[in-house]
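Got a minute to look at some charged pairs and one helix? Have the structure open while you read.

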Amino acid sequence: PEKVLAEIADAASPSILNVVCQEEVCSEELAVDKAVRSELAKKVKKSGKFNFETVWGSTMYDPDSLPFDGDVAGIPDTFTPFRNKVEKACQIGQPLDIPKDEHLALPKGIKSVVNQPQCSLSYLPTLADLGYSAEDIESVESVDSRTAMPANYKGGETFALARVQDYIWDKDLLKVYFDTRNGMIGSDYSTKFAPWLAHGNVSPRYIARECRKYEQVRVENKSTYWVVFELLWRDYFKFFAKKHGDGIFYQNGILGDRSHGNKRKWGMDAKQVKAWKEGMTGYPLVDANMRELAATGFMSNRGRQNVASFFTIDMNMDWRYGGDHFEETLLDYDVHSNWGNWCSAAGMTGGRLNRFNIVKQSKDYDFGGDYVRLWCPELKDVPDKYVHEPWQMSEALMEECGVKIGPGRDYPAPIVNPNVQPRIMNNGGGGRGGRGGGGRGGKQGGRGNGRNGQRRDNNQNRGKGQRQDMKSL
């Protein structure tokens, strides 16, 4: 962007050049801002001056409205105290009106820039232009039929707004979001707003406003609250990144080198990391999720927490390799949420270390094994009893099911011993499920937490593979 903006400034030759962009908080994005300022300064130093203005965006709440001393610098390092105070003291901002076309016009006199071959102002590069091989391009030209993304999805504001309309209003799914959000198959178990939020195609304030409208004209319940609650997590991680800067990328996170209960010597086994990425760990729930990510660029929230817990705790691999892989593969990659979540999963934010029991999670949220069989077809004929623990089958049963479990066979043996507790969990600081420090695993207060918020064993809205409602998350 620094080169394009400098060329525009040079061609337009204004006496005063005003450049406005969204305020960023992470180092690589800030480096781009610095480069833009530097290049513009070189171009206009003789003919005029320029103003470089950053505007906060992409969150429901403005940082200067936060009820903490020092605004963002004073936010807690765990989510629940942040949430409790913000929900009581702050109002969600309203989305701004759509600007008029004349206010978005490019400066006059820049035709020489726009008319250049493959100028980024008028030309959308192809995948080949971006250096992808023919094989890479072919692999993404068709959408995997198993994807959980909406049918015929594409980027941009038009589809983003259509998805909001479809999910909230046309299909009337907002009222059951809390019950269905832990699903893993299909496009409607969750909102799927994340990719468009991550790319700035839709505003979280717009979504929050639609949720409020829905509550006024249709129904207000725990589900209508919970979508906004999830958006608050996005806000929190951006504020968290602004507060801690590059700390969210360090091996010891925001904790540094000081001693703490979750500190450990991280492993880096390239073969094990490769097995995790390719969905060949021998743990079907982990493998199914990783294969879905590789094939579609998406993974459910339930899946993300399980594979991150498994990678950082059970495998004890350096958590940054997991964060980097998600950065490379997710359609909805968001620097703040991705790295904040991984840092938290590794126990490097100061909260409690939460280990997800993969086998139990599998049986609770994919009870009949439909999701595992969808993405691990080699296990399609394995009985329900063993589909989440195929290593428990006898050789005779494997023969009967047409699948052999073990090294070099149809499906791998577990990459880590399922009968051995990870060493870090013996430190006494770990817990099960949820998030550290009372995060998503904390008490569910807030609006909409009345009778409808109770756990219901007869809930008809949840997916057929989900045996129970969650107390948290």
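What follows is a quick tour of salt bridges and then of one helix face.

This is a predicted model, so take every value below as computed from it. The salt-bridge count comes to 26. Three of these pairs get a closer look here, followed by a small network and helix α14.

**Salt bridges within a helix**

- Lysine 213 and glutamate 210 pair up through their side chains, with N to O at 3.4 Å.
- Both sit in helix α9 (residues 204–217), three residues apart, which puts about one helical turn between them.
- How exposed is each partner? Lysine 213 is partly exposed at 36% relative accessibility, while glutamate 210 is buried at 7%. The cut-off for buried is under 20% relative accessible area, so glutamate 210 falls on the buried side with its 7%.
- Lysine 360 makes a salt bridge with aspartate 364, and their closest N and O atoms are 2.7 Å apart.
- This pair belongs to helix α16 (residues 358–365), where lysine 360 and aspartate 364 are four residues apart, again about one helical turn.
- Lysine 360 has a relative accessible area of 34% and counts as partly exposed. Its partner aspartate 364 is buried, at 5%.

**A salt bridge between chain neighbours, and a network**

- Aspartate 381 bridges to lysine 380, with 3.0 Å between the closest N and O atoms.
- Is lysine 380 buried or exposed? Lysine 380 is exposed, with a relative accessible area of 52%. Aspartate 381, at 46%, counts as partly exposed. Exposed means over 50%, so lysine 380 makes the cut at 52%, whereas aspartate 381 does not at 46%.
- Elsewhere, Arg163, Asp166, Lys171 and Asp188 are joined into one network by salt bridges that share partners.

**The buried face of helix α14**

- Which residues of helix α14 (residues 319–329) are buried? They are Trp319, Gly322, Gly323, His325 and Phe326.
- Look down the axis of α14 and these buried residues stay within an arc of 160°, so they line one face of the helix.
- What covers them? The cover over the buried residues of α14 includes α11 (270–278) and α12 (284–296). Also part of that cover are α13 (301–314) and α15 (335–345).

Terms used
Residues are numbered from 1 along each chain as its sequence is written. This is a predicted model: local features need pLDDT of at least 70, side-chain atom pairs count only at pLDDT 80 or more; totals for chains, interfaces and linings use all residues. Side-chain values use heavy atoms; hydrogens and water are left out. A salt bridge is a side-chain nitrogen of Lys or Arg within 4 Å of a carboxyl oxygen of Asp or Glu. Helices (H or I, at least four residues) and strands (E, at least two) are DSSP runs, numbered from the N terminus. Buried means under 20% relative accessible area, exposed over 50%, partly exposed in between (1.4 Å probe, protein chains only). The arc is that of the directions from the helix axis to the C-beta atoms. Contact means heavy atoms within 4.5 Å.
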